Amino acid sequence: EMSPEERAFQEKIDADIKIEPKNWMPDAYRRTLIRQMSQHAHSEIVGMLPEKNWLTRAPNFKRKLQLLAKIQDEAGHGLYLYSAMETLGADRDEEVAKLHSGEVKYSSIFNYPTLSWADMGTVGWLVDGAAIVNQVVLQRTSYGPYSRAMIRICKEESFHQRQGYQILLHMMREGTEEQKAMVQESINRFWWPSLMMFGPHDGDSPNSAQSMQWKIKRMSNDDLRQRFIDQTVPQLELLGCTAPDPDLKWNPERGHYDFGEIDWSEFYAVLKGNGPCNRDRLRTRRNAIENGAWVREAARKHAEKHNKADAA
Ligand code: FAQ
C-alpha cells in the first residue's frame, strides 16, 4: 500500500511534473537515481580512456585537436552528472571509491580495447550514437537535474557522433584498401558490444519495471536497441560496410530491422569484471586519483590560506 506521500509523488510523476532536489521522494527512487546517475558519470570518466589511447597517435594535427576536444567534453559530462547526483545527497568521493573497489558498474563498452585509428571513428559513430539514443529519451526523465544535464550532453554527443562518422566516411572514400579494411575490422569488433550498451532484454532487466513507473526510464532497453539499429543500418550502408550479423535484415511487416541474438554470456562476463580491459581501466583510474592527491591537498591548503586572509 502506498503512503499518502508516495501517492502524491506518483501523481506528480504521472502528470509529468519534474521532481526537484528539495521535494519529497521515496528512498528507493533516490537510491535508484544515485545508482544510475553515478554509473552514468563513471562511464563518462572511464570512457575517456579508450580514446586517450590514440591521442598521441592521431594522424594529423586537426584530428588530434578534435579528439582532444571530444575527450574533454566527456570529462565535462562526468562532472555535470556527478554534480546532479550530489543534489540527491550522495557524496562524490564515496561514489568514486565504490567504482574503484569494483562495487559499482560503468558501461560495459569501455572494457574493450581501441586497436586502430579507425576505432576513433567507430567509437564516435557507434558508441556515442548508442549513448545519444539512450540519452535523448533521458532528457524527459522525471528528476529535474538529471533531465537538464541530459539536454546539454545530447548536444555535445550528437557532435561527437558526426565527428566519428566523418572519420570513417573519409577513410572509406579517400582511403587506401588497407584503410578501408581497417574500418570494416573495427566495425566488426564494436558492433555487438555497442548493442550491449542498452542492457539486458526487458524480461531480464530487474530495474526496468519500477524505473518506468517512476519515469526515470522512458523507453525500454529493447525498444531503444531497436531504435538504434534502425537508424544505424542506413549509415552503415552509406559507408559501404557490413555488420557482423548474418540475421540483420529489413522486416517490412514489422517496419524494423531484424537482428541476431546478443551473446549474453559475454555481456555478463564483462559486467563481472572479466572483459578484455576491466582491470586495466580500474587500475588507470585508481592511479589517476592517487597521483593527483598532492594537487588536491595543495588546492585545499591554498583555499585555507585565502579564507584566513579574507577573515583577517
Ligand atoms: N554496462 O535492470 P537493468 C557514455 C547493469 S554512454 C554495464 O536494465 P537499468 C558516453 C545495470 O546497471 C554510457 N552495466 O538496469 C560516452 C544493472 O546493474 P545494477 C553510459 C549494465 O539501470 C561515449 C543490471 O545490469 N550511459 O558514457 C549495462 O534499469 C563515448 C541490470 O540492468 C548510461 O549510463 C551495461 N551496458 O538499465 C563517453 C545511460 N546494462 O546497477 C565516452 C544511463 C545494464 O542493478 C566516450 N543509464 N547494466 O547492479 C541507463 O539508461 C540505464 O542504467 C541502463 C541500464 C539502460 C544502462
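Which of the 34 residues around the ligand come nearest? In this predicted model, Q39, K105, S108, S205 and K217 hold that position among the 34 residues that surround the ligand. The ligand itself sits in the largest pocket.

The shell around the ligand is mixed in character, with 13 nonpolar, 12 polar and 9 charged residues. Several helices contribute to the shell: helix 2 (27–46), helix 4 (61–86), helix 6 (118–138), helix 7 (144–174) and helix 11 (264–274) each provide at least two of its residues. Helix 2 accounts for the largest share of the shell, with 6 residues.

Oxygen atoms of the ligand are approached by both side-chain and backbone atoms of the protein. For K217, which is also listed among the residues that come nearest to the ligand, a polar side-chain atom is placed 2.7 Å from a ligand oxygen atom. In the case of N221, the distance from a polar side-chain atom to an oxygen atom of the ligand is 2.9 Å. P206 takes part through its backbone, with an N or O atom 3.3 Å from an oxygen atom of the ligand. The ligand exposes 1,100 Å² when taken alone, and 90% of that area is buried by the protein.

Salt bridges were also counted, with a side-chain nitrogen of Lys or Arg required to lie within 4 Å of a carboxyl oxygen of Asp or Glu. The count comes to 18 salt bridges by this rule. One of them joins D128 to K70, with 2.9 Å between the closest N and O atoms. Because D128 belongs to helix 6 and K70 to helix 4, this pair ties together parts of the protein that are 58 residues apart in sequence. Helix 4 and helix 6 are also among the helices that each supply at least two residues of the shell around the ligand.

Positive phi values occur at two residues described here that are not glycine. D16 has a phi near 60 degrees and is located in the loop between helix 1 (4–14) and helix 2. For K215, phi is positive at about 55 degrees. The position of K215 is in the loop that runs between helix 9 (208–213) and helix 10 (221–239).

Definitions and conventions
Residues are numbered from 1 along each chain as its sequence is written. This is a predicted model: local features need pLDDT of at least 70, side-chain atom pairs count only at pLDDT 80 or more; totals for chains, interfaces and linings use all residues. Side-chain values use heavy atoms; hydrogens and water are left out. A residue is near a molecule or strand if one of its heavy atoms lies within 4 Å of it. A polar contact is a pair of N or O atoms within 3.5 Å; within protein, one must be able to donate a hydrogen and the other to accept it, and residues adjacent in sequence count only if both atoms are side-chain atoms. Accessible areas come from the Shrake-Rupley method with a 1.4 Å probe; for residues, only the protein chains shown count as cover. On a 1 Å grid over the protein atoms alone, a cavity is a set of points where a 1.4 Å probe fits but cannot get out, and a pocket is an open set with protein on both sides within 12 Å along at least five of seven lines; lining residues have an atom within 4 Å of a point. A molecule sits in a cavity or pocket if more than half of its atoms lie within 2 Å of its grid points. Helices (H or I, at least four residues) and strands (E, at least two) are DSSP runs, numbered from the N terminus. Ala, Val, Leu, Ile, Met, Phe, Trp, Tyr, Cys and Pro count as nonpolar, Asp, Glu, Lys and Arg as charged, and the others, Gly among them, as polar.
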